[in-house]
Amino acid sequence: MPPTLETARPIDLQDNTGMSEGSFPRGLSADTWRRLLRAGLRGRLFKPGETLPMGPNDRNVYIVWDGAVRQQRFPFGEGRDAPTVTRFRGRGQVVGEAKLVTPDDSSVRTQCLTQTVAIPCDERSFNVLLRRRIEVQRALLRSLEARNRSDEVLYTMVTRPPLERVGRLVAHLADTTGVPDPEASCRTVISGIGQKDIAAALQIGVSTTENALRTLRYHGDIVEARYRQLVVNNADALRHFAAGH
């Protein structure tokens with residue numbers, strides 16, 4: 001089992017207002033969030049490459065508090081060269097929510113791309129809470145709807161130019177998984193996600209992804225691609241590209 005936060009590194013779970021807009025913790029009042037923490041919610045630290053325990057014998061739903069995870073779904077099974085649906089999840093997003101309605105559902109592989117802090121919530125206790133507290137129920141439903149709408153814009157607009165699609169996804173990742181560069185706080189670092197990951201998520205070629213990132217690099221030094229890391233040097237310019245202008 002991964003270590004608890006108390007034996008790993010300190011991190012503040014108290015302030016839910018810093019979560020991304022539309023996320024589950026952000027949808028709760030500060031008082032309700034503190035009540036949940038007092039009731040026993042605790043963060044767990046997972047290393048890069050670890051898979052969140054979501055098998056048939058695992059009963060947890062997870063709130064991603066910090067870091068980045070990749071979810072992979074296999075609509076036609078996990079055979080050789082089988083198509084995969086890839087999505088990235090970050091701060092404040094709930095993963096494994098299918099267990100709330102289908103406890104044995106383990107069809108999505110969820111792997112940590114960076115050191116990740118996730119809050120496990122027992123699905124039985126979570127369901128009781130949802131029935132008793134309408135605020136919690138609404139926060140979860142609104143966060144899932146916000147995530148669905150975001151997914152539509154990020155992953156399904158196949159008729160849009162590749163530069164726009166790549167720029168839009170990188171801008172989203174900067175907001176949900178990025179951290180300030182310790183050497184220059186104006187820059188945002190996205191770790192654990194490489195060009196192949198972006199190509200798989202958008203279902204475009206790796207060379208197409210490379211060309212889009214190269215354009216963002218050489219036209220205004222907007223994004224710099226490194227090994228399994230992206231550095232956003234100009235967030236405003238990136239959002240301009242992401243908007244299709």
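**Exercise 1.** Is Phe126 buried or exposed?

*Solution.* Start with the cut-offs: a residue is buried under 20% relative accessible area, exposed over 50%, and partly exposed in between, with a 1.4 Å probe and protein chains only. The relative accessibility of Phe126 is 5%, so Phe126 counts as buried.

Some notes apply to this exercise and to those below. The model is predicted: local features need pLDDT of at least 70, side-chain atom pairs count only at pLDDT 80 or more, and totals for chains, interfaces and linings use all residues. Residues are numbered from 1 along each chain as its sequence is written, and side-chain values use heavy atoms, with hydrogens and water left out.

**Exercise 2.** State how many helices and strands the protein has, then judge its compactness from the radius of gyration.

*Solution.* Step one is the count. Helices (H or I, at least four residues) and strands (E, at least two) are DSSP runs, numbered from the N terminus. The protein has seven helices and eleven strands.

Step two is the radius of gyration, which is taken over C-alpha atoms; the globule rule is 2.2 Å times the number of residues to the power 0.38. For 245 residues the rule gives 18 Å, and the radius of gyration of the protein is close to that, at 18 Å, so the protein is as compact as a globular protein of that length.

Step three adds the extent and the burial. Along the principal axes, the C-alpha atoms fill a box of roughly 50 × 45 × 35 Å. Of the 245 residues, 46% are buried.

**Exercise 3.** Find how many aromatic pairs the structure holds, and classify the pair of Phe24 and Phe126.

*Solution.* Rings of Phe, Tyr and Trp (its six-membered ring) pair if their centres lie within 6.5 Å; planes under 30 degrees apart count as stacked, over 60 as edge-to-face and the rest as tilted. The structure holds three aromatic pairs. For Phe24 and Phe126, the ring centres are 5.9 Å apart and the planes are at 50°, so this pair is tilted.

Next, place the two residues. Phe24 is in the segment before α1 (30-38) and Phe126 is in helix α2 (residues 123-132), so the pair ties together parts that are 102 residues apart in sequence. Phe24 counts as buried because its relative accessibility is 1%.

**Exercise 4.** Classify the pair of Phe46 and Tyr62, and locate both residues.

*Solution.* The distance is 6.2 Å centre to centre and the angle between the planes is 80°, which makes the pair edge-to-face. Phe46 belongs to strand β1 (residues 44-46) and Tyr62 to strand β2 (residues 60-66); the pair links distant parts of the chain, 16 residues apart. Phe46 has 2% relative accessibility and therefore counts as buried. Tyr62, with a relative accessible area of 3%, is buried.

**Exercise 5.** Which rings have Arg87 and Arg217 over them?

*Solution.* The test has two parts: NZ of Lys or CZ of Arg is within 6 Å of the ring centre and within 35 degrees of the ring normal. The charged end of Arg87 sits over the ring of Tyr155, 4.2 Å from its centre. Arg217 lies over the face of Tyr218, and here the distance to the ring centre is 5.7 Å.

**Exercise 6.** Describe phi, location and exposure for Gln203 and Arg228.

*Solution.* Most residues other than glycine have a negative phi. Gln203 has a positive phi, near 55°. Gln203 is in the loop between α5 (195-202) and α6 (206-218), and at 60% relative accessibility it counts as exposed.

Arg228 also has a positive phi, near 50°. The loop between β10 (223-226) and β11 (229-232) holds Arg228. With a relative accessible area of 32%, Arg228 is partly exposed.

**Exercise 7.** How many disulfides does the structure hold?

*Solution.* A disulfide is a pair of cysteine sulfur atoms within 2.5 Å. The structure holds zero disulfides. Take Cys121 as a check: the nearest cysteine sulfur, that of Cys112, is 15 Å away. Cys121 is buried, with a relative accessible area of 7%, whereas Cys186 is exposed, at 61%.

**Exercise 8.** What does Leu37 touch, not counting residues up to four places away in sequence?

*Solution.* Contact means heavy atoms within 4.5 Å. Leu37 is part of helix α1 and is buried, with a relative accessible area of 7%. Leu37 touches Leu13, Gln14 and Arg42.
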